[in-house]
Amino acid sequence: MQGGGAWHVSGPAVRVSDCGKDKMGKKLVIVESPAKAKTIGKILGSGYVVKSSVGHIRDLPERTLGIDIEHQFAPKYVFSKGKAKVIAELKKAAKSCDAVYLAPDPDREGEAIAWHLRETLADAAKDKPFHRVQYNEITPRAVRAAFEQPGEIDQHRVDAQQARRVLDRIVGYMVSPMLWRRLKKGLSAGRVQSVALRLVAERERQISAFQVEEYWLLGARVRRETAPLDPFSVRLAKVDGEKPTVNSEASARALLSELEGCALRVREVRVRETARRPLPPFITSTLQQAASSVYGLSPNRTMGLAQKLYEGVDLGSGGPVGLITYMRTDSVSVARDAQAAAHAFITDTYGAAFYPETPNVYRSRASAQEAHEAIRPTDVARTPESLRGVLEPPALKLYDLIWKRFVASQMAAAKIAQRTVEVEPVKPGLTRAILLTATSSEVLFAGFLKVMALDIRKKKPEEEDSEEEDSEVDRLPPLAPGDPLQLLEWESERKETKPPARYSEASLIRALEANGVGRPSTYASIIETLNSRDYTTREKRQLVPTELGLSVNDLLVAKLEHLFDVGFTATMEESLDQIEEGHVEWTRMMGDFFARFKLWMEQAKEPPADAAKVAAVLGLLKQVTRWAPEVQRGKRTYSDERFVASVIEQIEKGEKPVSDKQLEALVKIAIRYGEQIPEADSALGALGFHELVASDRAAPSSEEAMRRFEILQGLRLSESQAEFVTSLRQQAEGGRKLSEKQFAAVDRIIVQNGAQLENFEEVRQSLGLAETEAEQQPDLESPALLEMLGQVTQWQEPVTRGKRTFDDQAFYASLAEQYSRKKFLSPRQRFAMKRLAFRYKAQIPQFDRYAEQLGLNRKAKAEEAKAE
């Protein structure tokens, strides 16, 4: 309640029958999320009906291009799937109320949602006015100020979003089929996504091609001759005024031999006072990087948490409150009232000395939206500690990051004293000037470090991959020029150069931003798409391209290098910015792009196969009179006879030339039916297909394959294994040889299920199979673990996280079934069962006896508690 009047908030399905009953009329406010609607409804109070569109209500169609290229790239919008009820409710509300306030997020996407809402509701609203309302934070002050001065929809911004959507649709819709033809169905290419994949793949190639080189770090462990006697290390820095390169053990020994017998004395002590300025407050990319580096949060998870903090959190009194400003921004600007609030908070909490003489000002990138603000707390006095127990732990961690970064950004610089000591070896006959150094840093005035508590020796992000070794030590004792030092030992450490590090999610975002690829609203979705498409995987916080990802990248770069060039993609982003600023018409930009795109796509087409060779191979195939039966694999049917007939028909129609891929398939069929084609090998060899013939002849025979299928016939396989084996058997029975990969897969299935064969050792030797996992690493734990879990009668309900469902009972049943077939479970599977056992220990009689038998220690208990 506010001011004694009721405030109205509804999701799309809530009735608005009270709309229009008030004599003064109601104002309809539309936002894009129910949570945001709740917070804003509470702020606005009576007189407003706040509803949610639940995201976009219109988009391009899913299964067609949806763009009229011939008529200035006009999009053919359709209502989004499942939004009929939402739209009906919004139209009903628009009819009943006196004015419509469109209040989605203050960015391109939000502007487009507002425009689509106006286009959809215009007829229902008739002559009622539409207003555009924007705010960077959902607080009473900001929201009321925005509603006091509503504006109009920014058509330039809408055009920029439309241009991006049309660009992305054209590239994805027209390029992806090339991946389907060359690699496999279901793959996708994306205008920005594929450039990000290119960065990841090219880094992987650099790592693979990297040649490791050895080098040595030389120095000495020393201490003063009088107290304090704390030892410290000095490192070789110069020889005859030059930085030395010690890249072999021989040169390291030679230098140490030269130093043998030297006395050490301090040559010079330099003290340099430096100021370290705080970092600017977060923008989208830096928040995602920090959350990934500090807490291991994915960009997608970070943005989900930030969205909740922005849209409003119920603090227990007075309803939901927006805790941070808008989280999709590339501007480091800070509003004056926020600066003033930070000034008051810092001087009251830490003292006047901790606030700079003039407020800190940060410069945004040239393309940044200066109308936006950096990400900051809406109330700096609302400390993370005050929200402990109110926010969920992940949300509190993110708020803590945002709050500290903002407060620190407004504080005075830290003052650091950096002491560098130069040490020279001295002995008669030493022919070269050798210098060793050590450096330490001491905080003279903490400044912003009072809040951020950073390691003052830590490298900047752009320096993290550097091979440069520094001579920084924790602490240096008091030293003066001429002081003698006691040598404790000479130090020599062999090192190796390291390849460039794989991209983490944080460093990939940094690279995309540095190259001008993508924008704040797209970074998280780019990385999520790469992972969900199985183009990359996450390993120890690093993005590793899969074989599929590398194949997709290689094909796209080989065929459409200019389209997926980092520089070109950055230029397109600049064009979108120019559209938003009103400098370029979006349809003109699209026309310029499409002219180049058409040319590149034409150049990417497969060259037609040699017509004479196609005719010659088809001539050989005319001699075949007995064709193998059709083979059904999944939903697809394979027929050699029908394929040959389809190629002949294609040639007769003359609409499309035969491709090299089709010619290769014809050659393989001719090889397969060689018994019916006299001199097939020599004829194909004369046409230039020696390698295909040789490869086929070297492949294991169909008899070898059938021998394996006979062994597998009596075994109990998993459903997926059984389907796979059946498919390959049909292939072999149809006269098609198995590839090396297929043969290897069949052998693995035999090995995995070898425990079901009494004469497995004999089978393994006759087929030349590798040892089973169980023989290499016997599984002595699974029987007891399965026995323990078999006693559980009350399983927890399945839990869904994202797209995955975690079901303890189904997981146990799956492992039990696997063990019954294989008599072996992997260490990872056994560890998972141990965690399950701790979760259900109350239902397991004699748990302690099992635990002692299996060596389940406190560490396992700690892991279980952490998992829960």
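## Strand β10 and its partners

Strands β10 and β17 (residues 484–496) pair in the antiparallel sense, over 11 bridges. One pairing puts tryptophan 216 opposite arginine 494, its bridge partner in β17. This is a predicted model.

β10 also pairs with strand β11 (residues 232–239). These two run antiparallel as well, joined by 4 bridges. Here arginine 221 has serine 233 of β11 as its bridge partner.

How many of the 11 residues of β10 are buried? The count is 8, so this strand, residues 214–224, is largely enclosed by the rest of the structure.

## Two nonpolar cores

The largest nonpolar core holds 78 residues. Ile170, Val175, Leu563 and Phe593 have the most contacts inside it. Which helix gives the most to this core? Helix α5 (residues 155–182) does, with 10 residues.

Take leucine 563 as a way in. Beyond its neighbours within four places in sequence, leucine 563 is in contact with Val171 and Val175. Its other contacts on that basis are Phe568, Thr569, Phe593, Phe597 and Trp600. Another core, of 60 residues, lies apart from the largest one. Val133, Ile346, Ile402 and Val407 are among its residues.

## Asparagine 360 in its loop

Asparagine 360 sits in the loop between α10 (336–349) and α11 (393–409). Is this residue buried or exposed? Its relative accessible area is 9%, under the 20% cut-off, so asparagine 360 counts as buried.

What does its side chain reach? One target is the backbone oxygen of serine 409, at 2.9 Å. The side chain of asparagine 360 also reaches the backbone oxygen of methionine 411, at 2.8 Å. Setting aside neighbours within four places in sequence, the residues in contact with asparagine 360 are Arg277, Pro278, Gln339, Ser409, Gln410 and Met411.

## Helix α24

Helix α24 covers residues 719–733, 15 residues in all. From its first C-alpha to its last, the helix reaches 21 Å. That is close to the 21 Å expected at 1.5 Å a residue.

Which residues of α24 are buried? They are Gln721, Val725, Ser727, Leu728, Arg729, Gln731 and Ala732.

Methods. Residues numbered from 1 in each chain as written. Predicted model: local features only at pLDDT ≥ 70, side-chain atom pairs only at ≥ 80, totals over all residues. Heavy atoms only, no water. Buried < 20%, exposed > 50% of the residue type's maximum accessible area, 1.4 Å probe, protein only. Pairing = 2+ DSSP bridges. Core = buried A, V, L, I, M, F, W, Y, C linked by side-chain atoms within 4.5 Å. Contact = heavy atoms within 4.5 Å. Expected span 1.5 Å × (residues − 1). Polar contact = N/O pair within 3.5 Å; in protein donor to acceptor, adjacent residues only side chain to side chain.
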